[in-house]
Amino acid sequence: MATLETHYTLPLPSFDKPVKLLVVVAPYYRDIADNLIAGAKATAAAVNATVEVIEVPGALELPTAIAMAERMAKFDGYVALGCIIRGETTHYDTVCNDSSRAISLLGLQGACIGNGILTVENRAQAEVRADPAGQNKGGGAAAAALHLVALSRKWAATTKGIGFRP
């Protein structure tokens, strides 16, 4: 059972200047989404990051909203939150694969994204994973985004010149 596993968790990074996170959530399962949001907000608060929360209709819209914000707004990082519970059709596979792939592609383009989209077999698994006092996957997704923001800031400060060696 996954709840018996222990994992190493990186300590949260510290920041010299404020961090602004956008939490994008698909609240299809409202109670699950609310727990994911609570976990993400608590983790962000631990490093004094500000959080704005927006909602989209479903998991497939999460990457689109993040891409729009990356182009048109001023956020340091993003947290994608939602829950996909396996049903009777292959729609589950499509939503899981396509939302994850799109988020990964945005990350490869430089967006600092923590993926907190739960992909589970049943509601009980989702409840344990979303619970801030349980596996706290919302908090984990916020932590991932914060670590990527810290890396981005670290490497943005590094200059390599314009091709001439001193």
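Student: How many of the 166 residues of the protein chain count as buried, as a percentage?

Tutor: In this predicted model, 38% of the 166 residues make the cut. The label goes to residues under 20% relative accessible area.

Student: What makes the chain as compact as a globular protein of its length? And what is the fold pattern, read along the sequence?

Tutor: Pattern to begin with: β-α-β-α-β-α-β-α-α, built from 5 helices and 4 strands. As for compactness, the radius of gyration is 17 Å, and the globule rule gives 15 Å for 166 residues; those values are close, so the chain is as compact as a globular protein of that length. The C-alpha trace spans about 65 × 30 × 25 Å along its principal axes.

Student: Which share of the contacts between residues at least 6 apart in sequence joins residues at least 24 apart?

Tutor: That share is 79%, where a contact needs heavy atoms within 4.5 Å.

Student: Why is E52 called partly exposed?

Tutor: Its relative accessible area is 38%. Buried would need under 20% and exposed over 50%, so E52 at 38% ends up partly exposed. E52 sits in strand 2, residues 50-55.

Student: Which residues does E52 touch, leaving out those up to four places away in sequence?

Tutor: K20, L21, L22, V23 and F75. Take V23: E52 and V23 are 29 residues apart in sequence, yet their C-alpha atoms are 6.0 Å apart in space.

Student: How many aromatic pairs does the structure hold, and why is the one formed by Y28 and Y29 called edge-to-face?

Tutor: There are 2 aromatic pairs. For Y28 and Y29, the ring centres are 5.0 Å apart, and pairing asks for centres within 6.5 Å. Their planes meet at 80 degrees, and the edge-to-face label starts over 60, so that is what this pair is called.

Student: Is Y28 buried or exposed?

Tutor: Exposed: Y28 has 63% relative accessibility, and the cut-off is over 50%.

Student: What is phi of N48 near, and how do you know that N48 counts as exposed?

Tutor: Phi of N48 is near 60 degrees, a positive value in a residue other than glycine. With 65% relative accessibility against a cut-off of over 50%, N48 counts as exposed. You'll find N48 in the loop between helix 1 (30-46) and strand 2.

Student: Where is N136, and what is its phi near?

Tutor: N136 lies in the loop between helix 4 (123-130) and helix 5 (137-156). Its phi is near 50 degrees, again positive in a residue other than glycine.

Key: Residues are numbered from 1 along each chain as its sequence is written. This is a predicted model: local features need pLDDT of at least 70, side-chain atom pairs count only at pLDDT 80 or more; totals for chains, interfaces and linings use all residues. Side-chain values use heavy atoms; hydrogens and water are left out. Helices (H or I, at least four residues) and strands (E, at least two) are DSSP runs, numbered from the N terminus. The radius of gyration is taken over C-alpha atoms; the globule rule is 2.2 Å times the number of residues to the power 0.38. Buried means under 20% relative accessible area, exposed over 50%, partly exposed in between (1.4 Å probe, protein chains only). Rings of Phe, Tyr and Trp (its six-membered ring) pair if their centres lie within 6.5 Å; planes under 30 degrees apart count as stacked, over 60 as edge-to-face and the rest as tilted.
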